[in-house]
Amino acid sequence: MIPLTSTITDQQFTLEEVEQALTAVGFKLSDNWDYDHGYFDYKIDDRVGYQFLRLPFTVVSGSLDAPSDYATVRMNEPFLLSHKYNPGLDDNVKEGNFRAIFDQFQEPVDKDASFPEEHIGTGKELLAQAEQQLLAKRGE
């Protein structure tokens with residue numbers, strides 16, 4: 001994991017503002033959000049594991065699981081993240097066919113693998129685009 005300094009760190013936005021601004025430049029709301037925090041991810045590469053620029057946020061008011069709640073979020077420090085996975089199917093699934101549908105892939109070899117040097121510049125450029133999009137929403 002490589003932390004990145006950003007002008008959006010500690011800034012507050014509505015979740016709707018963040019989602020509109022970031023999806024416009026290719027970010028996706030990560031599946032591992034919870035009621036009080038979440039992440040917007042941009043997949044940079046996936047040839048040797050997965051490399052992401054991750055923009056974490058914390059809910060200040062409202063809730064992520066109630067769309068009519070108009071959540072306000074605080075952006076946290078962005079970082080570059082790399083996951084390395086075993087190729088192939090998981091040969092240790094022992095919970096039956098139904099569960100195997102969901103757990104068919106191997107566990108990560110390294111959830112916090114070293115980040116490839118050649119993608120650091122790309123990650124910083126993507127962060128600059130995200131900052132520009134978010135701050136443009138506010139007219140800054």
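Helices (H or I, at least four residues) and strands (E, at least two) are DSSP runs, numbered from the N terminus. This is a predicted model: local features need pLDDT of at least 70, side-chain atom pairs count only at pLDDT 80 or more, and totals for chains, interfaces and linings use all residues. Residues are numbered from 1 along each chain as its sequence is written, and side-chain values use heavy atoms, with hydrogens and water left out.

**Exercise 1. Map the chain.**
State in what order the elements of the protein chain run from the N terminus on.

*Solution.*
- Step 1: count the elements. The protein chain has three helices and eight strands.
- Step 2: read them off. The order is β-β-α-β-β-β-β-β-α-β-α.
- Step 3: add burial. Of the 140 residues, 36% are buried (under 20% relative accessible area; exposed is over 50%, partly exposed in between; 1.4 Å probe, protein chains only).

**Exercise 2. Place helix α1.**
Find the buried residues of helix α1 and the elements they pack against.

*Solution.*
- Step 1: list them. In α1 (residues 15–23), L15, V18, A21 and L22 are buried.
- Step 2: find their side. They lie on the same side of α1, because they cover an arc of only 140 degrees around the axis (the arc of the directions from the helix axis to the C-beta atoms).
- Step 3: recall the geometry. An α-helix has 3.6 residues a turn, so residues three or four places apart point the same way.
- Step 4: name the partners. The buried residues of α1 pack against β2 (12–14), β4, β5 (50–61), β6 (72–75) and α3 (120–138). Contact means heavy atoms within 4.5 Å.

**Exercise 3. Describe D45.**
Decide whether D45 is buried or exposed, and identify its contacts.

*Solution.*
- Step 1: locate the residue. D45 sits in strand β4 (residues 37–45).
- Step 2: check accessibility. D45 counts as buried because its relative accessibility is 12%.
- Step 3: look beyond its neighbours within four places in sequence. There D45 is in contact with Y50, Q51 and H119.
- Step 4: inspect the side chains. Those of D45 and H119 are joined by a polar contact of 3.1 Å (a pair of N or O atoms within 3.5 Å; within protein, one must be able to donate a hydrogen and the other to accept it, and residues adjacent in sequence count only if both atoms are side-chain atoms).
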